[in-house]
Amino acid sequence: MDIVYNCDDSYAVHTAVSITSIFENNRLEESIRIFILGNRISEESKKKLSSIGDIYSVTDRTAMQQGMGAVPNGFKREVRVIDLEDFEGRLKLIFGEGLDAGKFTVTALARIFAPQYLPEDVERYLYLDCDTVVKRPLNMLFQTKLEDKPAGLVPEPTIYPEVREYLGMSADTPYFNTGVMLVDRKEWERQQITSRCIDYYKEKNGRLPFSDQDIINYVLKDNVRVLWQGYDFFSNYHYRSYKSLCRIAKWYKKIMSEKEYDAARALPAVIHYAGDERPWIKGSFNPYTADYEKYLELSPWAGAEKNPGRQKEMLMYHLMNLVTAICPALRDRISHSYYEKTVKKKQKT
């Protein structure tokens with residue numbers, strides 16, 4: 001099982017939490033290799049991240065010996081940081097003055113280039129955003145048949161309709177979140193996905209509301225293996241009903257049943273802390289805060305203090321989430337207003 005992240009030093013602690021949750025909940029997996037495409041990660045952070053693999057190599061090997069009496073020949077627990085040397089400089093050579101990651105850092109664009117950085121023996125990999133926590137074994141996800149598709153992704157029905165319109169996506173074309181991607185590397189390379197992403201980025205002059213996620217959605221439209229919602233469950237979907245999602249994204253009902261969504265909501269496999277209500281911010285009411293804190297305390301960053309100074313903002317965001325559960329249409333109007341005032345305005349400047 002090969003798993004890929006990309007991050008810079010500011011997200012190293014969250015990456016460690018996510019990695020720890022993987023090791024904790026996949027102890028019976030024979031081999032787990034973690035590759036971190038790192039942009040400007042400090043030496044101290046690199047050592048801490050790498051140490052997670054060393055720790056679980058010992059504990060999981062011991063557990064296997066006690067339970068089975070033998071350790072599989074291919075047993076491995078590894079965390080490897082791959083330096084993205086002068087990544088921003090390389091992107092400027094490719095995109096020129098059109099380089100614009102919007103509200104995201106340029107590090108986010110690394111997932112488009114991942115196949116160019118990974119070892120040759122990586123044939124299939126699971127990409128995860130840093131702000132995820134794994135709650136269940138990933139073997140079923142990792143073994144999903146992609147049916148000649150370059151990637152499997154989870155739907156994002158709450159994407160702004162204006163974004164889909166800007167990308168030129170039809171009303172029936174699903175939009176996917178790229179925080180969890182199961183990638184067939186050979187198929188990705190055969191279909192020249194990276195170069196096609198570069199071409200589209202240049203075509204839009206980098207002005208994309210959600211940066212590389214928009215690019216991947218445009219390039220891979222109608223060429224994606226749909227994955228279960230529980231493999232990339234937004235923490236604020238905790239307040240969302242299936243009917244409210246189908247109302248704003250009529251295509252969602254065609255690819256995800258109510259039973260599947262309700263199962264994801266009840267027992268998600270991967271929590272994605274998308275949105276502003278992050279568990280590492282002081283005053284956050286995120287419903288999955290306990291999951292983040294559990295794995296933080298098992299990581300090399302145990303005891304890390306939360307980011308201060310945003311209690312009022314967190315309270316307002318939580319009230320908005322509560323409104324979502326009662327009156328989702330009002331939440332959608334608030335989201336539309338946010339898009340018009342911030343995302344769209346930024347896109348034009």
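These are my notebook entries on two sheets, two residues and a pocket in this structure, which is a predicted model.

**Entry 1: the seven-stranded sheet**

I began with the strand order. Seven strands make up an open sheet, and I read them off as E3-E2-E1-E4-E7-E6-E8, with mixed pairing. Strand E3 (76-83) and E8 are the edge strands; each has a single partner strand, so one side of each has no neighbour in the sheet. From one strand to the next, I noted an average twist of 25°.

Next I looked at the E3 end. Strand E2 (residues 31-39) runs parallel to E3, and eight bridges join the two. To find my place in this pair, I used Phe35, which stands opposite Arg80 in E3.

**Entry 2: strand E6 and its neighbours**

Then I moved to strand E6 (residues 151-155). How many of the five residues of E6 are buried? I found that five of the five are, so the strand is largely enclosed by the rest of the structure.

I checked both partners of E6 in turn. With strand E7 (residues 176-184), E6 pairs in the antiparallel sense over five bridges. Here Ala151 sits opposite Val183 of E7. With strand E8 (residues 224-226), E6 runs parallel, and the two are joined by three bridges. On that side, Gly152 has Arg225 in E8 as its bridge partner.

I also looked for a helix over this part of the sheet. Helix H9 (residues 211-220) lies across E6, E7 and E8, and it runs at about 60° to E7.

**Entry 3: the three-stranded sheet**

There is also an open sheet of three strands, in the order E5-E10-E9, again with mixed pairing. Which strands are at its edges? They are strand E5 (132-134) and strand E9 (233-234), each of which pairs on one side only. I followed E5 to strand E10 (residues 270-272): the two are antiparallel and share three bridges. One of the matched pairs is Thr132 with His272 in E10.

**Entry 4: His272**

That pair made me stop at His272, which belongs to strand E10. Is His272 buried or exposed? Its relative accessibility is 3%, so I logged His272 as buried, the cut-off being under 20%.

I then listed what His272 touches. Its side chain makes a polar contact of 3.1 Å with the side chain of Asp131. Leaving aside neighbours within four places in sequence, His272 is in contact with Asp129, Asp131, Thr132, Asn177, Gly179, Asp232, Phe233, Phe234 and Ser235.

**Entry 5: Ser21**

I turned to a helix residue next. Ser21 lies in helix H1 (residues 12-25). At 0% relative accessibility, Ser21 counts as buried. What does Ser21 contact, beyond its neighbours within four places in sequence? I wrote down Val133, Val134 and Tyr295.

**Entry 6: the second largest pocket**

Last, I looked up a pocket. The second largest one has a volume of about 240 Å³. I copied out its lining: Arg136, Pro137, Asn139, Met140, Thr144, Arg225, Val226, Leu227, Trp228, Tyr231 and Ala269. Helix H5 (139-142) and E8 are the elements that give two or more residues to this lining.

A cross-reference for my own use: Arg225, listed in the pocket lining, is also the bridge partner of Gly152 from Entry 2.

Terms used
Residues are numbered from 1 along each chain as its sequence is written. This is a predicted model: local features need pLDDT of at least 70, side-chain atom pairs count only at pLDDT 80 or more; totals for chains, interfaces and linings use all residues. Side-chain values use heavy atoms; hydrogens and water are left out. Helices (H or I, at least four residues) and strands (E, at least two) are DSSP runs, numbered from the N terminus. Buried means under 20% relative accessible area, exposed over 50%, partly exposed in between (1.4 Å probe, protein chains only). Contact means heavy atoms within 4.5 Å. Two strands pair if DSSP finds at least two bridges between them. Axes are lines fitted to C-alpha atoms, for helices over the stretch in contact, and angles run from 0 to 180 degrees between N-to-C directions. A polar contact is a pair of N or O atoms within 3.5 Å; within protein, one must be able to donate a hydrogen and the other to accept it, and residues adjacent in sequence count only if both atoms are side-chain atoms. On a 1 Å grid over the protein atoms alone, a cavity is a set of points where a 1.4 Å probe fits but cannot get out, and a pocket is an open set with protein on both sides within 12 Å along at least five of seven lines; lining residues have an atom within 4 Å of a point. Grid points are joined across faces, edges and corners, and a volume is the space filled by probe spheres set on the points.
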